[in-house]
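Student: Please take me through one part of this assembly in detail, namely the surroundings of a bound ligand. I should like to know first how the chains are arranged.

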Number of protein chains: 6
Amino acid sequence: MSHATPDIAPTEPLRRIPTGVRGFEHISLGGLDQGRTTLVVGTSGSGKTLFATEVLYRTIVEQGRNAVFVTFEERPGDVVRNVHRLGWDLPALLRDGRLVILDASMDRAFVEEAGDYDLSGIVSQVGHAVAELGAELVVIDSLGALFYQFQNPAILRREIARLCDNLREMRVTSLLTAERLEEYGPISRFGFEEFVSDCCIVLRHQLVEEKVRRTIQIYKLRGDRHYKDEFPFTIEREGICILPLAAAELTQASSTDR
Amino acid sequence: MSHATPDIAPTEPLRRIPTGVRGFEHISLGGLDQGRTTLVVGTSGSGKTLFATEVLYRTIVEQGRNAVFVTFEERPGDVVRNVHRLGWDLPALLRDGRLVILDASMDRAFVEEAGDYDLSGIVSQVGHAVAELGAELVVIDSLGALFYQFQNPAILRREIARLCDNLREMRVTSLLTAERLEEYGPISRFGFEEFVSDCCIVLRHQLVEEKVRRTIQIYKLRGDRHYKDEFPFTIEREGICILPLAAAELTQASSTDR
Amino acid sequence: MSHATPDIAPTEPLRRIPTGVRGFEHISLGGLDQGRTTLVVGTSGSGKTLFATEVLYRTIVEQGRNAVFVTFEERPGDVVRNVHRLGWDLPALLRDGRLVILDASMDRAFVEEAGDYDLSGIVSQVGHAVAELGAELVVIDSLGALFYQFQNPAILRREIARLCDNLREMRVTSLLTAERLEEYGPISRFGFEEFVSDCCIVLRHQLVEEKVRRTIQIYKLRGDRHYKDEFPFTIEREGICILPLAAAELTQASSTDR
Amino acid sequence: MSHATPDIAPTEPLRRIPTGVRGFEHISLGGLDQGRTTLVVGTSGSGKTLFATEVLYRTIVEQGRNAVFVTFEERPGDVVRNVHRLGWDLPALLRDGRLVILDASMDRAFVEEAGDYDLSGIVSQVGHAVAELGAELVVIDSLGALFYQFQNPAILRREIARLCDNLREMRVTSLLTAERLEEYGPISRFGFEEFVSDCCIVLRHQLVEEKVRRTIQIYKLRGDRHYKDEFPFTIEREGICILPLAAAELTQASSTDR
Amino acid sequence: MSHATPDIAPTEPLRRIPTGVRGFEHISLGGLDQGRTTLVVGTSGSGKTLFATEVLYRTIVEQGRNAVFVTFEERPGDVVRNVHRLGWDLPALLRDGRLVILDASMDRAFVEEAGDYDLSGIVSQVGHAVAELGAELVVIDSLGALFYQFQNPAILRREIARLCDNLREMRVTSLLTAERLEEYGPISRFGFEEFVSDCCIVLRHQLVEEKVRRTIQIYKLRGDRHYKDEFPFTIEREGICILPLAAAELTQASSTDR
Amino acid sequence: MSHATPDIAPTEPLRRIPTGVRGFEHISLGGLDQGRTTLVVGTSGSGKTLFATEVLYRTIVEQGRNAVFVTFEERPGDVVRNVHRLGWDLPALLRDGRLVILDASMDRAFVEEAGDYDLSGIVSQVGHAVAELGAELVVIDSLGALFYQFQNPAILRREIARLCDNLREMRVTSLLTAERLEEYGPISRFGFEEFVSDCCIVLRHQLVEEKVRRTIQIYKLRGDRHYKDEFPFTIEREGICILPLAAAELTQASSTDR
Ligand SMILES: Nc1ncnc2c1ncn2[C@@H]1O[C@H](COP(=O)(O)OP(=O)(O)OP(=O)(O)O)[C@@H](O)[C@H]1O
Ligand SMILES: Nc1ncnc2c1ncn2[C@@H]1O[C@H](COP(=O)(O)OP(=O)(O)OP(=O)(O)O)[C@@H](O)[C@H]1O
Ligand SMILES: Nc1ncnc2c1ncn2[C@@H]1O[C@H](COP(=O)(O)OP(=O)(O)OP(=O)(O)O)[C@@H](O)[C@H]1O
Ligand SMILES: Nc1ncnc2c1ncn2[C@@H]1O[C@H](COP(=O)(O)OP(=O)(O)OP(=O)(O)O)[C@@H](O)[C@H]1O
Ligand SMILES: Nc1ncnc2c1ncn2[C@@H]1O[C@H](COP(=O)(O)OP(=O)(O)OP(=O)(O)O)[C@@H](O)[C@H]1O
Ligand SMILES: Nc1ncnc2c1ncn2[C@@H]1O[C@H](COP(=O)(O)OP(=O)(O)OP(=O)(O)O)[C@@H](O)[C@H]1O
Ligand SMILES: [Mg+2]
Ligand SMILES: [Mg+2]
Ligand SMILES: [Mg+2]
Ligand SMILES: [Mg+2]
Ligand SMILES: [Mg+2]
Ligand SMILES: [Mg+2]
């Protein structure tokens, strides 16, 4: 523990970075928190990987920022293939040196029952890739896979907190996806992921009278204003489309938080 | 962990493979994901084995693709007998070398309490059968039986993920059935089966005011559009019949996901 | 694990065996699955023992088939006494060598804490009795008593699956009763009994606005059609009486499953 | 395990024994099962001890049958004092040798953490007292206190089942009280008490819109007809008074069970 | 275990002792059970300490009976300070030798992880103070703090039962406070506190449509009549004020329990 | 355990300290309890850190009292940055020696699995900072991070109680934030935080029909009157704004508690 006075003298204010996802800049009032970690939680199939991949794709293509994708569960080839129908040409980005996909899914082959795994290997790989590309965005999909590695939730919490620390030190904006088991009730699988991160987005696909309805909610965003309600979204030919149904309230929002 | 750039250069797009189950191609907008793993979850009696067997039967008979059925709980003779009333002549397919039924149910006789079981024996048997028949479809019924073998859910998750990896490497389309205990609430018994697979189908038989209603929902299908709602189905003389009640919305579906 | 091709060549179709319980043949569209295991689950007092005993009694008296009753919890004398009021003269059947009651309740006196109990002793006793009588029906009441013996649910699941295997090998039709703690929610106490058996019947006695209502539901029946709804039943002077309230729908049922 | 044929030849039918509790003979259609164990479950304050004590008091005074009361939680002096206001003169019965109160509450002073307690000491004390008095009724209040002694629910279940066996062998009618934590949901604290006993009565005191309502339900009664509904009761100056609100239905009950 | 016949011959009937809390004598039909233990359960902030302190204060000041307060969680100074606004001058009572506050909160500094703590030290301190003052009332606030000391709930249950035994032997009337986590559902934190005590009072402060409503309910009172409903109460300038909303029903109550 | 008589003779009455948060003095009827610990609980994003920081900021700027902020999860730089948009210039306060931010988040790097962590290091650091600044307010954000350190909830409860003791001995007013997982149901993550503290404030951000609504409730405040209802609040340009919707009832409140 140490006094904090000296090193924080010149405060940099928070900055937002646009995602390019249709409607997201509206509901977040500006995009993701630059240099911070955003958690994307949702049940299986809620669109976590799709959302994170679209942010990554548009950040590279529309903003000209390079990015690193770490996949814990799916194979890189599948990540690429899953967005092919949406016309997002990840292979081109890989060839152009604007994107690196790190395959952490292989690690499951070597994991032992003894629980003293740590994330430092992955962190250093990410560090190298970020340095190599001058990447400004890191996507990690998904924390659920850490289920394999840690028996003790306290250790897991510490490791995730340290992962966030490390990403912050790399000065990248990062997206972490995390699993949950039901649409309402506790936010996250392990019960602490949301507390550890600076921003938290909840994706839902809920069965209402035998119909499915997709929504997105910016659950928390430390340090700034944003909409906090649930907004419906659809997955269109060219990606996610958030319907800013609360748009009428937007003017009002310039003077108050909701 | 390794960089993914080189080996994914020539991306194969996702392809769909028809099942022949009445109504399924409609609600999935094309059938199962070829070369991938589809999880079929449901409570006991919801129709998992029936659905998987019908897909297998029609794939062989209508599409001319050979298949392997791995049974963990029921005896092969019972698998055959259960669909006899539906007129599906599995013995003929067995004789013609178009189908192999592997009996993994016997394994329960030899299992020990010590939890270091792994699925590699089954995987290699499946590999041989697939090679022998040139099979393109593998059905594994059901993961619930692994309940016997693994005390540690983290190990089980890893083993199921590796099983999916192995099936993908065999380049077969596969159907895995898995148990759940209640019609709503958490999707799967162990709380991770749905995250590990590429596609997830939920079967329900729900008691509403003392009447039972069967439904099917394509819960997730990575990488493509599909209907996401619950559709009623019945079991008719010749098999499952999904009622595309949302058919009116189908035109609309060609431009948007639901 | 072994290939299944050769030995299943001559498939015997499923056959039904009538129970004699009023209304049951209607709702099951023919009776119990011959040669298979039917699980009867319900809370305490829901009528499991009564149902199983009535099937046994009528199978002997009306169908002329001998039977074995294994009692895990109650004493044989109590089993007999409990149905005395209903006019079912079990002592006569015992004397005539058409029924044997095996008393497994005594075993609780000798059980040790060490969990390596297995069911092979009971299985071999049942085997002898079945052979002696040429019995075609076995009732086992109830699996709940196994609660004493097994600490590890995985072992218990395996043992119950093996018990079912053994009963099938004896070529008898069997009824197993099992406990549950609440009228709705998970089907069975241990969370797997229903998956292990071929047929599952749920008995309920539910308190609705301070009145009790008894119902029976054929929850699953592998390999054939049946009604799946909840049907009310009463216990009359001469036994169970299921009210086929859905009788009007019966004609319709000849062409579709419900 | 042993064949049951010989020793059960002369079947004694079930007999009922009146309790004297106002309304109870009506709703039970005759009283308690003679020679069997009846479980009385309820939350704290639901009236378990009062009901059991009233049955005991009236059995001695009105039927001329002696009785033994085993108290696990309260002191004998308190058992006596609690019913003083109701005019039940237990001290007189004690003096006249018609009642014995055994104090098992003291045992808590000597119990060790090591879990190998068994109930044989209590059983033999009860046996002596029953023999001494020629008692026909035994009340044991309450099983909840066994919570102290047994860590392993399987052992506890076996011990309670053996206690019931022992009481049956003494040929006494017995009442056991047992705890539950909520008015609805699982019947008993440990999840098996109701399965082990022959008859089960549920007492409730439920808060409905800030008013308390007491009810009694005969949850199960093996081997005979009875009302199964919830009946309101009050505690009057001279004891429990069950309101046979369903009395109109009583005629009907002579031909059918409810 | 011992026969109870001799020593309970001269039965003292239950007596009530007034509390002085406005409305309490009405709803309890006379006050607390003299010489017995009353449990006061409630969530945090429900008013347990306030209620117990008011009973203590009024018992000393209005009834002229001395009292002992044992505080497990708060410091004596805070106990005193918390009721200062209400005009209850505890320091004067302390000076006059009519009240002793025993500070058991200090014990937490010395507690070890090893769970073999027992309450005999506290009991003997209480015994001395009771003897010294000739105290007739003991307040123990609160049992929740025992959470620190006992890992094994069975041991804790036994210890609390023994504490009650000890207090009864001191012939004092006692109030024990205990924690619960939710306003409805299980009565107490550990699931047995209510069974162990002779009387149980539930305090609630419930959020209904964003408004808080305080209520008191006499949940059980062994051996006597009382109101059992929930009564609203407020905390006024001079202490708790229970609103006997059911007063109209009071006449009726003289002939029946509710 | 010790008699409390002598040292509490001169009772200091409770005093309130204003927070400066708009509306808070209204709903609390005067502010925080001076010299005591107030717990602020809420789900992630409910505004715990914001509320605590605003109290700290206004206490320094508006009341001229110095303060110490201990951060367990976020880095000091982030604490500062998060309130920059609100115009609260923490760096100036740090420079002027009116505020110290202690960084306890670093500790996670050194924590071991062995659970014998204690809070004495942090307590002594806080003690030094308080002495150095003559600080009157301490904020600790958040207890949730202790999740890392303690496996045994009993130890954790004791440690938090001792932390509160220590803060009381420093004679500072303190704010502790703590995590909860759902908006209703149990108040706190570990199930005892609310019992250990003198005052408890609950913050909620609840999703009602896809809209989020923020509320604040003073759940308990030992020793004094306050409003107990839920009040809506918003986060405006210059900080939290509690809407005293119950203002009309305020006059009434001067004579009664609610
Ligand atoms: N090209 C597409 N067009 C329309 N919808 C699509 C498309 N691709 C994916 N989807 C939809 O998105 C869903 C998958 O989203 P995604 O893979 O992002 O979910 P996820 O939250 O990452 O799930 P998991 O936790 O299982 O990985 C699919 O189930 C499908 O409904
Ligand atoms: N020939 C048939 N005609 C009509 N309905 C049938 C037929 N065969 C089976 N069924 C229905 O299908 C149900 C069984 O389906 P299936 O065996 O596929 O369930 P499952 O989900 O695999 O259950 P489990 O997990 O217990 O194996 C039966 O309960 C029955 O209601
Ligand atoms: N002769 C009878 N006439 C009417 N009803 C009866 C008769 N015998 C039993 N019953 C009813 O059947 C119920 C008991 O059924 P049964 O013993 O079959 O239940 P169970 O499900 O086996 O319970 P448990 O799990 O406790 O053994 C009794 O509670 C009673 O209500
Ligand atoms: N003389 C009486 N007159 C009216 N009501 C009484 C009388 N005696 C007891 N009661 C009521 O009966 C309740 C106690 O019943 P009893 O002691 O039988 O409950 P219990 O179910 O045994 O509780 P526990 O499990 O806590 O021992 C009291 O709370 C009181 O409401
Ligand atoms: N400047 C601001 N203007 C408006 N709203 C803001 C501002 N800063 C923060 N917020 C809102 O406050 C929320 C964060 O509050 P805060 O960080 O205090 O929550 P918390 O309860 O401490 O959460 P955690 O437990 O995750 O730390 C944000 O999600 C945002 O909605
Ligand atoms: N003088 C007072 N005037 C009005 N209300 C008061 C006064 N003192 C306390 N209160 C109210 O009583 C509540 C505290 O009650 P008390 O301390 O008895 O609760 P408790 O149930 O003991 O809580 P815990 O379990 O946390 O100790 C306070 O939250 C406050 O609302
Ligand atoms: Mg994903
Ligand atoms: Mg199946
Ligand atoms: Mg039975
Ligand atoms: Mg009792
Ligand atoms: Mg208190
Ligand atoms: Mg915070």
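Tutor: In this predicted model, B:Gly185 is the residue of chain B that comes closest to the rotation axis, its C-alpha lying at 11 Å. A turn of 60° with a shift of 0.0 Å along the axis lays chain B on chain C with an RMSD of 0.0 Å (least-squares superposition on C-alpha atoms of residues with pLDDT of at least 70 in both copies). That is the relation of a six-fold axis.

Residues are numbered from 1 along each chain as its sequence is written, while chains are lettered from A and ligands numbered from 1 in the order written. Local features need pLDDT of at least 70, side-chain atom pairs count only at pLDDT 80 or more, and totals for chains, interfaces and linings use all residues; side-chain values use heavy atoms, with hydrogens and water left out.

Ligand 4 lies between chains D and E. Its shell holds 22 residues (each with a heavy atom within 4 Å), and the closest are D:Ser44, D:Lys48, D:Thr49, E:Lys220 and E:His226. By class, nine are charged, eight polar and five nonpolar (Ala, Val, Leu, Ile, Met, Phe, Trp, Tyr, Cys and Pro are nonpolar; Asp, Glu, Lys and Arg charged; the others, including Gly, polar).

Helix H2 (48-63) of chain D and strand S10 (211-221) of chain E each supply at least two shell residues, and H2(D) gives the largest share, three residues (DSSP runs numbered from the N terminus: helices H or I, at least four residues; strands E, at least two).

Oxygen atoms of ligand 4 lie 2.6 Å from a polar side-chain atom of D:Thr49, 3.3 Å from a backbone N or O atom of D:Ser46 and 2.8 Å from a side-chain N or O atom of E:Arg222. The protein covers 96% of the 650 Å² of accessible area that ligand 4 has on its own (Shrake-Rupley method, 1.4 Å probe).

Conventions: Polar contact = N/O pair within 3.5 Å; in protein donor to acceptor, adjacent residues only side chain to side chain.
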